[in-house]
Every structure is written in C-alpha cells, then in structure tokens.
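Let's take a look at how aromatic rings, charges and helices come together in one protein chain. Have the structure open while you read.

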Amino acid sequence: MEDDAKKLEEGRLHNKDDLISEKVNTTSDHNGRGDAIDHDHEDHHEEKNKAAVAAAPLEADQIKGEEQPVLVVKQKSKRVATLDAFRGLTIVVMILVDDAGGAYARIDHSPWNGCTLADFVMPFFLFIVGVAIALALKKIPKINDAIKKIVLRTLKLMFWGIILQGGYSHAPDDLAYGVDMKQIRWFGILQRIALVYFVVALIETLTTKLRPTVLEPGHLSIFTAYKWQWLGGFLAFLIYMITTFSLYVPDWSFVVDNDHRSKKYLVKCGMRGHLGPACNAVGYVDRQVWGINHLYTQPVWRRLKACTLSSPSDGPLREGAPSWCRGPFEPEGLLSSISAILSGTIGIHYGHVLIHFKGHSERLKQWVSMGFILIVIAIILHFTDAIPINKQLYSFSYVCFTAGAAGLVFSGFYLLIDVWGYRTPFLFLEWIGMNAMLVFVMAAQGIFAAFVNGWYYKSPDNSLVHWIQEHVFINVWHSERLGTLLYVIFGEILFWGVVAGILHKFRIYWKL
C-alpha cells in the first residue's frame, strides 16, 4: 500500500483502477477446504468490479504533500458451488445406501463383480478430495508448513476412522462402546481417504516449484505440466497390478466363534492372479499386514449365490456353502487403497483443469471427454473379462468406471449450478457438503441416532427414533421396505440438510 502511495506521489500511477487489486487467487474459504477459484474473467463479476472502482475514488492529484492512505479493495474469491454440491451428493448417497440398502439390496454394495449405487460412494469421495487438493494447494507460501498441515489432517482422519469404524463405536442400535484390541479394525473409510489425501497432497506440495503458471500450447499440456502427479498415480497402478497378478496366495484358515464354541475353517488356495473372493492377493496382503483378527467380519461376498439362497440380499448361509463365505475380508484394505490413489489422482486433474482453463466450454470439454474415455476403458476391461469391475478389490476397471462417472456428474453439476445458475435446487446439497464431516459422523455413522436411542422408556427398543420409524413411516405405509426408505429420506437426509443449512447460516462448520 505504501508503494502505491509513493508511485502516486511520483506521478507513476495515474489511473484509479490501478489502486484496485483485481487478481483473484485460489484461497481457502472460511471452511478451510480451499474450494475457491479464479473467476474474475466471468461476466457476472463485472458489477463487483465496478463497485470496487467506485469504492476507490482517491485520485493521484489529490495526494499532495502529506502522504495519504490509499484504499486497496480486493475482490473476494468466488467459491465453486459445484464442489460442495458434489460432496453433499456423495454424503446423501452414502446415508441412503447404508440405511436403506438392507431393504433394497439392488442399491447395496455388489456382492463381488459389478457396480451398484453404493459402490460409487468411496471413489466419489476420493475424486472430490483430489479436486479440493488442487484448489487448496494452488499456491503454497511455505512448503514445510503445508507438509505439517497435511500430516496433521491425515492423522486426524486416521483417528476418527479408528474411533468410528474400528469397533469402538457400536452406534446406532447397540448402546455400548469399547473394543477388544485383539479384534480392532485398523482400516476403514476415513483411513483410506487419509492415505489417498496424504499421498496426493504431498506430491502436489513437493512439486509446487516444478508446475507452470501458464500452460504451453497443445492438447496434452495439462498432463505434461503435472507429470509428477500422474507419475505417482502410475506408480500406485504398477504396485497394485504387479502385486495382484504375481503374488502367490497360499492356503489360509480362520476361526469362527458361535455359541461359546470355536470352529476352524480352511480355505484352499495355492495360486496367483486369482480375482475371486477366496484367493485374491488383496485379501492375502491384509491378512499378512493387519492380521486376520483385525479385518471386517461381515464382507458383502456373503450375499453371493454360492453363500446364501437369499442372494443378492443378506440371509443365512446355505448348506454346504464354501468355507470362505464365513471368512473375514477388509473392503478398505491396504493394497486396494494403493489402487484408490488413482481416484485421487484423476480428481486432482479435474482440479487442475478448473485452475488453468478459464472458459466454461474449455473446462467441460476436458472433463466430459476424459469421463467418457475412462468409462469406455472400464467397460472394455469388464466385458472382456480381462479385469472385472470390482469394488472390493478396487480393480483398475472399477477405478476407471467410477472416476469417469464422477467426472460426468461433476461436469453436470458444474453446468447446472456454476454455468446456468440453477443453484437453488441444490442448496441443501451444498449445505451438507460444507459440513460433510459433521453429517458423516452424526448421520452416516449413526452417532446422533445412538444419542437419541440412549433416552428410552422401559426398553432400548422404545426410543424416539424407533417410534418414528415404526409409527410415522412403516405402519402408515404398511410396508417395512417402503417405510425404511421414506424414513431415510425424510428422517435422516432431509433432517440433516435442514440442520446443515442452519449451521451454514451461523457460519458453523466442522473441519479437520
């Protein structure tokens, strides 16, 4: 500001427009997620620029003799509403499939190969994490400070993941807490997000001096400009593919406790490159790294026809079911999480496009074309049986299919909300997206419902939550399936949309 005043005194600054800083940089917003982006080229900001000029009426010839303070008005960064809406959509789908998936098995996770609505949740999370990283780390004043923040946020995500999904929390139905450390589950949803965030954000931070401010001409310049990010993704791809198809998987056994009796089961393997439930390398790595007692004990493969007559719904195991039907499997395991780094890498590419391409059409052209290409690759790999789409293994075809779908949905939201301005119908998604961590913990993990269930009358089954489910929804519609779905939509999703909106009104956010 003092330099501008000196320039005015010396007659080197003649235009009052020069007093105004019109450059809008990507910055972290009030919620600390870095979802703001440069939009000073767009028409709808012209009025703001005019107002900024009017706010600086001080002319050069008015400054004579004594030095006067110069008013510098900085235009606020415009938050990209699409990011919050997309994040909110992912949380909404997660609540829907978790709490209504038992009644509608078709939207629950695919028992093995294939892709259902529930299977889009995790890669959509990782995709939007990548986009947000690109915006938050567009400019890094101090690399060491940025690394410290990345490590701290990673540890916070790990901590909450272990608390919520490690077995300590029994919400919402079981009014108890605590976990046997011999059986604690070390990996889960937030832990996978933490790993992908750590790797992708660290590469973005350490290569900050190697990235260009302006792209060179050429269709592939956006890829070559961020070659280190793609190299990191390719390295994760190589580790996953080589391990999956070359690692020898021996026979393995596990013990099941039933009615105070223990029974040991043996699974015969002795093979490489198997992509079925019993003998895949993904499960073997987790059994070796975490220990068989620290894995998820209710894997979705129990809903396969080979395991139950109720397939694709959950049900009692059929007589003569293979031994592996009773075995544990970690759906958010170590090797599959390495593959998940690719989802974050593709997400950060979409963020780079948002930064470097200023026109709506250029952005959409990049996003939509890449989305379609990824989906075509996935379909070819799946239907040729080369690499089936499989969420449990986080196969390469699954990465391509879900990342391509995420890119197309993101593009659709961007077109509707940020280009055409249809923001109002998506406000509740934005509100949920701004407080994603709060809604995830309270709704998706059932912490709020568990708190309410803790206040019951005579019996734990006679609480407000159970009463609403039974008398307001199930009994009224005379259908447990439909009643459950309506309760999830109105009693959970709509409720938390309103709560998130109120919290947004008072600028209250839970951030890590």
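Below is a short tour of ring pairs, charges over rings and one helix contact.

## Aromatic rings

Keep in mind that this is a predicted model. Counting up the aromatic pairs gives 31. Let's zoom in on one of them: W301 and F329 make a tilted pair, with 5.2 Å from centre to centre and 45 degrees between the planes. Both residues sit in the loop between α9 (281-289) and α10 (334-356), so their pairing ties together parts that are 28 residues apart in sequence. And are these two buried or exposed? W301 is buried, with just 1% relative accessible area, and F329 is buried too, at 2%.

Rings can also join up into a group. Here, ring pairs link F86, F120, F124, F127, Y350, W367, F401, F410 and Y414 into a cluster.

## Charges over rings

Which residue lies over the face of W252? That's R287, found 3.9 Å from the ring centre. You can spot another case at Y104: the charged end of R481 sits over its ring, 4.1 Å from the centre.

## Two helices that cross

Now find α3 (residues 81-100) and α17 (residues 480-505). These helices pack at an angle of about 140 degrees, and their axes are 10 Å apart. Their crossing is right-handed.

Who meets whom at this contact? From α3 come V92, I95, L96, D99 and A100, while α17 brings T484, L485, V488, E492 and I493. Sorted by type, the contact residues are seven nonpolar, one polar and two charged.

Note on methods
Residues numbered from 1 in each chain as written. Predicted model: local features only at pLDDT ≥ 70, side-chain atom pairs only at ≥ 80, totals over all residues. Heavy atoms only, no water. Phe/Tyr/Trp six-rings, centres within 6.5 Å; stacked < 30°, edge-to-face > 60°. Helix = DSSP H or I, 4+ residues; strand = E, 2+ residues; numbered from the N terminus. Buried < 20%, exposed > 50% of the residue type's maximum accessible area, 1.4 Å probe, protein only. Lys NZ or Arg CZ within 6 Å of the ring centre and 35° of its normal. Axes fitted to C-alpha atoms, helices over the stretch in contact; angles between N-to-C directions. Left-handed = near helix turned anticlockwise from the far one by under 90°. Contact = heavy atoms within 4.5 Å. Nonpolar A, V, L, I, M, F, W, Y, C, P; charged D, E, K, R; others polar.
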